[in-house]
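Good morning. Please have a look at the chain on the screen, and then I will go through some of its residues one group at a time.

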Amino acid sequence: MADRRTVWLFDLDNTLHNAGASAFRYFDGAMNRYIEEQLQVSPDEADRLRADYWHRYGSTLLGLIRHHGVRPSHFVRHTHAFPGLERELVGHPHDLAALRRLTGRKIVLTNAGRDYALRVLKALRLDGLFDEVIGIEQMRLFGQIRPKPDARMFKALAARLGVHPSRCVLVEDTLLHQRSARSVGMRTVWMQRWVKHHAHGPEVGVYLHRRPPYVCARIKTLQQLRRLP
């Protein structure tokens, strides 16, 4: 599957690290508090809106932008702080070596904020291994945020990188994103290492032993990427 022309698009949370043991424990609460304060709603209503927008749009932020005019930079700044996060991050000891050996361009593509992503990568000693880090703020089309799973964003990204979508491989824990990427011709790899015990959002309750037709391969370690057909 891989050669020097391959462009690897890596998700961050629950793909490059165990977000269920760290960030995911804070994200929901931080977003709920933000929604309460900005929209002046009750805690229950804030929780309902956060979950509703996640399921409807694949991103709570996208719902807040569309329905409430929230500014992405303001949202990210107030929901991604997480004091002491570095002490709780859990990666895998062999990932650093696996990523170094992997041929092709390597890009982080995350629906979290870019500064948060850079912070996580540095703490995991994965910074410097990627050609680019793309956060939700950078996923824009015609001036509007278009995060994963927007198929138009995937197509535009491939065009910007100067490659056909078939040269791109999305490594993700979230099936909704993989289905969209596959629809535009990208190859898809389902990272399952942390999904079973630390699923979040749409992946809660997903049956891991099946492989949907839009998933090209399933893996549990990044080392397996070099052996994919």
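Is Arg 211 buried, partly exposed or exposed? Arg 211 counts as partly exposed, because its relative accessibility is 47%. For these words, buried means under 20% relative accessible area, exposed means over 50%, and partly exposed is in between, with a 1.4 Å probe and protein chains only. The areas themselves come from the Shrake-Rupley method with a 1.4 Å probe, and for residues only the protein chains shown count as cover.

Before I go on, two remarks on the source. This is a predicted model, in which local features need pLDDT of at least 70 and side-chain atom pairs count only at pLDDT 80 or more, while totals for chains, interfaces and linings use all residues. Residues are numbered from 1 along each chain as its sequence is written, and side-chain values use heavy atoms, with hydrogens and water left out.

Back to Arg 211. It is found in the loop between helix 9 (195-198) and strand 8 (217-219). Helices (H or I, at least four residues) and strands (E, at least two) are DSSP runs, numbered from the N terminus. Together with Lys 196, Arg 218 and Lys 220, Arg 211 forms a positive surface patch. A patch is made of residues with over 30% relative accessible area and no salt bridge; like charges are joined within 9 Å, and nonpolar side chains (Val, Leu, Ile, Met, Phe, Trp, Tyr) within 5 Å. Lys and Arg count as positive and Asp and Glu as negative, while His and the chain ends are not counted. The place of a charge is taken as NZ of Lys, CZ of Arg, CG of Asp or CD of Glu.

Next, salt bridges. A salt bridge is a side-chain nitrogen of Lys or Arg within 4 Å of a carboxyl oxygen of Asp or Glu. How many salt bridges does this rule give? The count comes to ten. I will show three of them.

Take Arg 48 and Glu 45, whose closest N and O atoms are 2.8 Å apart in a salt bridge. The two sit three residues apart in helix 2 (residues 43-57), so about one helical turn separates them. Arg 48 is partly exposed at 44% relative accessibility, and Glu 45 is partly exposed at 26%.

Asp 52 and Arg 56 also form a salt bridge, with 2.9 Å between the closest N and O atoms. They are four residues apart in helix 2, which again means a separation of about one helical turn. Asp 52 is partly exposed with a relative accessible area of 23%, and Arg 56 is partly exposed with 48%.

The third salt bridge is between the side chains of Glu 172 and Lys 148, at 2.5 Å from N to O. Glu 172 lies in strand 6 (residues 168-172) and Lys 148 in the loop between strand 5 and helix 7, so the pair ties together parts that are 24 residues apart in sequence. Glu 172 is buried, with a relative accessible area of 0%, and Lys 148 is buried at 0% as well. Salt bridges that share partners join Asp 11, Lys 148 and Glu 172 into one network.

Staying with Lys 148, we come to the backbone. The peptide bond from Lys 148 to Pro 149 is cis, with omega near 15 degrees. Where is Pro 149 found? Pro 149 is in the loop between strand 5 (144-145) and helix 7 (151-161). Pro 149 is buried, with a relative accessible area of 18%. Its C-alpha atom is separated by 8.8 Å from that of Ser 59, and the two residues are 90 residues apart along the chain.

Two residues other than glycine have a positive phi. For Asn 14, phi is near 65 degrees. Asn 14 lies in the loop between strand 1 (7-10) and helix 1 (24-39), and it counts as buried at 0% relative accessibility. For Arg 125, phi is near 60 degrees. Arg 125 lies in the loop between helix 6 (114-123) and strand 3 (132-134), and it is exposed, with a relative accessible area of 60%.

Last, the cysteines. A disulfide is a pair of cysteine sulfur atoms within 2.5 Å, and a search of the whole structure finds zero of them. Why does Cys 168 have no such bond? The closest cysteine sulfur, in Cys 216, is 12 Å from the sulfur of Cys 168, and that is too far for a bond. Cys 168 is buried at 0% relative accessible area, whereas Cys 216 is partly exposed at 28%.
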